[in-house]
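This report goes through one protein–RNA model, shown below.

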Amino acid sequence: MKFSELFTRTRKDAPSDEVAKNAQFLIRAGFIHKEMAGVYSYLPLGLRVLNNISNIIREELEKLGAQELQMTALQNPEIWKKTDRWEQDVWFKTALAAGGEVGLGWTQEEAITRIAAQYVSSYRDLPFSAFQIQTKFRNEERAKSGIMRGREFLMKDLYSFHATEEDLDLFYASVVEAYKKIFERLGIGAQTYLTFASGGAFSKYSHEFQTVSDAGEDTIYVSEKNGIAVNKEVLNDEVLADLGLTREELVEKKSIEVGNIFKLGTRFSEPLGLSYTDEKSEKKLVVMGCYGMGPSRLMGTIVEVLSDDRGIVWPESVTPFSVHLISLNKNDEAEKLYAELGAKGITVLYDDREGSAGGKFADADLLGIPTRIVVSEKSLTAGGVEIKKRTEKESKIVSLEEIVNMISQ
RNA sequence: CGGGGUAUAGUGUAACGGUAGCACAAGUCCUUUGGGAGGAUUUAGUCUCGGUUCAAAUCCGAGUACCCCGACCA
């Protein structure tokens, strides 16, 4: 992509009404556009990141055997009345011109349970799991923190269906491992903790994945030694005893909830009639689990956690482009390199614009692409191009012949 | 939803009740080219409705939007 052809532009100043670091950087760099409080559009650069995040999640879930589907955002009130969740304030509800009303989905347990009821009749149909990556709507009373707590956001929701609780437990444990892998791949594994939280009707605890950050809304108590944390909401002596933790080893931290997984048991299968016939021809309720994670919130979290005072620092895994190529009045040479890197399948943002070096460097730091290559009179005289990592201060000279192979590795 | 605050050009900011100005961005021209360059020139603005006043960006009322704290967040 040529910078001169990108329809977005960088800005020196963030809008005065944005306080959250993630939104400030993402708006200044042209990744997102604010439509209204808690509602953001993803511009070309931002969408590339969002899609990269979604794809990592997709890959790891497919390894578990989960199948992707796409359910409707418009929800039928009837099935939500069966679970007593139609009256919740979180809904955006709207009237149908033909009469009646519908809601905009904020989660989809009801919907997928009804779908599953159409296809599950025998123990032979179990277990299975399915997920979607879909825009969700929540009528938050107060949106805040940039893209981290919006009224419209992208969420991955995974649901699993089992004959027995034991089978659910096994799958649940495998999701924990998959989630850890996802956070590692997203570059926030080191600061993300499996966190014990309130469980709900069918298990003593649910689990959250909390990424330590001052931008977070949650408070957790981290045990470095055990590599786990406890949400402040559930911290008491009984919980500590359960988990074999002592108060002395816990450190209080602010954190961002980047994932939340629940054992649902028969909370939804019962009211919605999802049952199966077992080996003894007995009818039993399906046991379910649900597992949430928000790509858009993850994008904000990555910005919050990894950026520095000059801008964003994307991990290789989610960066919109692998290489930020800057030409300082050497467009002939740079253009050639741009073509060669492209031919090798390297994604490159090529800054071919007129403009001063300082402005281009500042934009490169702001955008946060991991590798910067500069082609200039100075670099050519020194023997090639200059290469620098976003996270490093020093650059080095690499010849024009070697640079393509070096990047392709 | 309770409390507090803000609203001026695309963005950031000034203006005692008396001519809406500056910077950045954008357009044109010239110069410049390694950490947000310089000059000339152009474009572009007082959230909405009502009130007070000779006169309102400024004062008053209502509305709307946005931000912050709290509550909320299966």
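The text that follows covers the surface near the RNA, the nonpolar cores, one hairpin and some backbone details.

**Surface near the RNA**

The model is predicted. RNA strand B is surrounded by 41 residues, and the closest are Asp17, Ala37, Ala357, Gly358 and Ser376. By class, this surface has 14 nonpolar, 13 polar and 14 charged residues. Helix H9 gives the largest share of the surface near RNA strand B, with eight residues. The elements that each supply at least two residues are strand E13 (250–265), strand E16 (287–293), helix H9 (357–367), strand E19 (371–376) and helix H10 (377–382).

**Nonpolar cores**

The largest nonpolar core has 88 residues. Within this core, Leu26, Ile53, Leu186, Leu325 and Ile373 touch the most other members. Apart from it lies another core, of eight residues, including Phe196, Ile220, Val222 and Ala229.

What is leucine 186 in contact with, leaving aside its neighbours within four places in sequence? The contacts of leucine 186 are Ile53, Ile56, Leu298, Ile302, Pro315, Ser317 and Val318. Ile53 is thus listed both as a contact of leucine 186 and among the core residues that touch the most other members.

**A hairpin**

Strand E1 (residues 32–36) pairs with strand E2 (residues 39–42) in the antiparallel sense, over four bridges. Methionine 36 has valine 39, in E2, as its bridge partner. Two residues lie between the strands of this hairpin, and glycine 38 takes a positive phi near 75 degrees. Ala37 is named among the residues closest to RNA strand B.

**Backbone details**

Most residues other than glycine have a negative phi, and most peptide bonds are trans. Two residues that are not glycine have a positive phi here, as the table shows.

| Residue | Phi | Loop between |
|---|---|---|
| Aspartate 84 | about 60 degrees | helix H3 (77–82) and strand E5 (92–95) |
| Asparagine 329 | about 60 degrees | strand E17 (323–328) and helix H8 (331–343) |

Are these residues buried or exposed? Aspartate 84 counts as exposed because it has 9 C-beta neighbours inside 10 Å. Asparagine 329 has 12 C-beta neighbours inside 10 Å and therefore also counts as exposed, since the cut-off for exposed is 12 or fewer.

The peptide bond from leucine 126 to proline 127 is cis, with omega near -5 degrees. Proline 127 sits in the loop between helix H4 (109–119) and strand E7 (128–137).

Terms used. Residues numbered from 1 in each chain as written. Chains lettered and ligands numbered in written order. Predicted model: local features only at pLDDT ≥ 70, side-chain atom pairs only at ≥ 80, totals over all residues. Near = placed C-beta within 6 Å. Nonpolar A, V, L, I, M, F, W, Y, C, P; charged D, E, K, R; others polar. Core = buried A, V, L, I, M, F, W, Y, C linked by C-beta atoms within 7 Å. Buried ≥ 20, exposed ≤ 12 C-beta atoms within 10 Å, placed from the backbone. Contact = placed C-beta atoms within 7 Å. Pairing = 2+ DSSP bridges.
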